[in-house]
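Welcome, and please open your viewer. We will go from stop to stop, selecting residues and looking at what surrounds them.

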Amino acid sequence: MSSCYGKLLRLSIFGQSHSAAIGMSLDGLPTGEAVDIESLQAFLDRRAPGRNAWSTARKESDIPEFLSGLVNNVTCGAPLSAILRNSDTRSQDYASLRTLPRPSHADYTANVKYGGYQDVAGGGHFSGRLTAPLCVAGGVCLQILARKGITIGAKIVRIGSVTAPGFDPVGVTAADLAEASAHTFPPEAEEAMQAEIAAAKAEADSIGGVIECAVTGLPAGLGEPMFDGLENRIAQIIFGVPAVRGLEFGTGFAAAQMRGSAHNDPYTVESGAIRTTTNHHGGILGGISSGMPLIFRVAIKPTPSIGQPQQSVSLERCETDELIIKGRHDPCIVPRAVPVIEAAAALAVLDAWMEGHH
Ligand SMILES: Cc1cc2nc3c(=O)[nH]c(=O)nc-3n(C[C@H](O)[C@H](O)[C@H](O)COP(=O)(O)O)c2cc1C
């Protein structure tokens with residue numbers, strides 16, 4: 001399995017949903033960086049399960065135990081490592097999934113690849129739970145980036161058919177990002193979005209959505225052309241987040257319907273700095289940061305595990321069979337994925353920043 005990411009910052013994520021613990025090792029962090037454990041915990045709590053109607057009923061404290069890499073909560077140069085113990089596991093709920101794969105989950109493909117030896121309990125290494133150590137690593141990076149004047153924030157812009165406006169692509173500020181991160185749902189659409197999730201849940205169904213992420217304070221000139229661009233590096237980690245179906249930068253797919261005269265971003269000078277008056281390019285040109293806010297959107301699919309009976313195939317008998325999923329599941333992954341997207345962006349951006357400054 002390849003659960004590693006990064007060039008100068010090297011992240012490794014380990015564990016399964018119901019193993020003794022899950023965790024991460026992050027090598028290459030700059031030294032002398034303080035980690036504020038309290039604000040890291042507040043960040044992790046935004047992802048933790050079992051707190052509300054749109055999340056799985058599984059309860060985990062999600063408190064990381066740092067094993068190495070910190071002296072008095074300051075990075076010391078040794079790899080930073082942390083584990084989160086799994087406590088609320090009900091593995092018996094998952095026994096049938098070894099022979100009856102869940103549609104849209106990784107049960108079938110993992111079975112083919114690992115010859116039936118994969119851990120199926122709770123989704124094993126494919127579980128959304130593995131995003132907790134990703135948030136530990138990314139949460140530390142967010143704090144380091146903030147001290148460099150680089151701020152990352154994300155917000156929900158769609159749940160099912162309910163939409164909310166994204167960030168101002170030109171004028172978004174660090175304060176806007178902090179404000180967005182302070183709310184699970186955009187306040188103006190909260191009621192309608194929660195109703196959309198409740199309606200899916202009432203029918204033993206699930207629903208997806210879109211998250212927009214923005215980065216401010218990023219200097220121009222980070223990233224490489226062709227295969228190691230900022231877009232490529234962000235894409236590699238964002239697609240590492242389970243349930244991500246799509247990713248677009250700036251105007252994304254909408255650019256295909258525009259004319260060049262409307263899509264091109266005119267250059268201007270503001271207080272001696274070169275900027276663009278619009279930001280259709282989303283802060284990246286030729287794989288290299290432009291100095292404008294970096295903006296991307298992530299499509300999250302509806303949760304694969306739903307309560308309705310579904311058609312699957314018995315891998316033992318090689319014939320269709322009805323699947324009724326037991327276990328506890330998020331009716332909508334999107335709210336819990338927002339800090340995960342921020343964490344993933346922070347790892348990609350700090351890695352690229354370090355490359356530009358060493
Ligand atoms: C925070 C988070 C929570 C998730 N919770 C669930 C869940 O409760 N049930 C489920 O079937 N999938 C859940 N997923 C999604 C699956 O892990 C994912 O769809 C599966 O591993 C297949 O991978 P893919 O969708 O990337 O192809 C969750 C994902 C995330 C990011």
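**Stop 1: a threonine in a loop**

Start by selecting Thr251, which counts as buried because its relative accessibility is 15%, and buried means under 20%. Keep in mind throughout that this is a predicted model. Thr251 sits in the loop that runs between strand 11 (244–249) and helix 7 (260–263). Now show what surrounds Thr251: setting aside neighbours within four places in sequence, its contacts are Met258, His263, His280 and Arg297.

**Stop 2: the sheet that holds strand 11**

Next, colour the open sheet of 5 strands, whose order is 9-8-10-16-11 with antiparallel pairing. Which strands form its edges? They are strand 9 (162–163) and strand 11, each of which pairs on one side only.

Move inward to strand 8 and strand 10 (residues 209–216), an antiparallel pair held over 8 bridges. To see one position of this pairing, select Gly153 and look across to Ala214 in strand 10, which stands opposite.

**Stop 3: the start of helix 8**

Select Val334, a residue of helix 8. Is Val334 buried or exposed? Val334 is buried, with a relative accessible area of 0%. Show its contacts beyond four places in sequence, and you will find Ile156, Ile159, Gly208, Gly209, Ile211 and Ile300. You can also draw a distance from the C-alpha atom of Val334 to that of Ala299: the separation is 8.9 Å, although the two residues are 35 residues apart along the chain.

**Stop 4: the nonpolar cores**

Stay with the helix for a wider view. In soluble globular proteins, nonpolar side chains tend to be buried together. Here the largest nonpolar core has 77 residues, and Leu26, Phe296 and Leu347 have the most contacts inside it. Helix 8 (residues 334–356) is the element that gives the most to this core, with 16 residues.

Select Leu347 to see how many parts of the chain come together. Not counting residues up to four places away in sequence, Leu347 touches Tyr5, Leu9, Leu11, Leu26, Leu134, Ala137, Gly138, Cys141 and Ile237. Another core, of 6 residues, lies apart from the largest one, and Phe167, Val172, Ala180 and Ala214 are among its members.

**Stop 5: strand 3 and its two partners**

Now select strand 3 (residues 21–27). Why is strand 3 described as largely enclosed by the rest of the structure? Because 5 of its 7 residues are buried.

On one pairing, strand 3 joins strand 2 (residues 10–14) in the antiparallel sense over 5 bridges. Pick Phe14 and you will find its bridge partner in strand 3, Gly23. The hairpin of strand 2 and strand 3 has 6 residues between the strands, and there Gly15 takes a positive phi near 110 degrees.

Strand 3 also runs antiparallel to strand 7 (residues 80–85), with 6 bridges joining them. For an example, select Ser25 and then Ser81, its bridge partner in strand 7.

**Stop 6: enclosed spaces**

Time to look for gaps. Rolling a probe the size of a water molecule over the atoms shows where empty space is left. How many cavities of 30 Å³ or more are there? The count is 2.

The largest cavity holds about 50 Å³ of space. Select its lining: Arg102, His105, Ala106, Asp107, Ala110, Gln118, Asp119, Val120, Gly123, Gly124 and Phe126. These lining residues divide into 4 nonpolar, 4 polar and 3 charged.

The second largest cavity has a volume of about 30 Å³. Leu26, which you met in the core, is one of its lining residues, together with Leu29, Pro30, Gly69, Thr75, Cys76, Gly77, Ala78 and Leu80. This lining is made of 6 nonpolar and 3 polar residues, with no charged ones.

**Stop 7: an open pocket**

Finish at the second largest pocket, where about 310 Å³ of space lies. It is lined by 16 residues, and those closest to its centre are Phe43, Arg46, Leu142, Ile152 and Glu342. Helix 1 (37–45), helix 3 (131–147), strand 8 (151–159) and helix 4 (174–181) each give two or more residues to the lining. Colour the lining by type to see its 9 nonpolar, 5 polar and 2 charged residues.

How values were computed
Residues are numbered from 1 along each chain as its sequence is written. This is a predicted model: local features need pLDDT of at least 70, side-chain atom pairs count only at pLDDT 80 or more; totals for chains, interfaces and linings use all residues. Side-chain values use heavy atoms; hydrogens and water are left out. On a 1 Å grid over the protein atoms alone, a cavity is a set of points where a 1.4 Å probe fits but cannot get out, and a pocket is an open set with protein on both sides within 12 Å along at least five of seven lines; lining residues have an atom within 4 Å of a point. Grid points are joined across faces, edges and corners, and a volume is the space filled by probe spheres set on the points. Helices (H or I, at least four residues) and strands (E, at least two) are DSSP runs, numbered from the N terminus. Ala, Val, Leu, Ile, Met, Phe, Trp, Tyr, Cys and Pro count as nonpolar, Asp, Glu, Lys and Arg as charged, and the others, Gly among them, as polar. Buried means under 20% relative accessible area, exposed over 50%, partly exposed in between (1.4 Å probe, protein chains only). Two strands pair if DSSP finds at least two bridges between them. A nonpolar core is a set of buried Ala, Val, Leu, Ile, Met, Phe, Trp, Tyr and Cys residues joined through side-chain atoms within 4.5 Å. Contact means heavy atoms within 4.5 Å.
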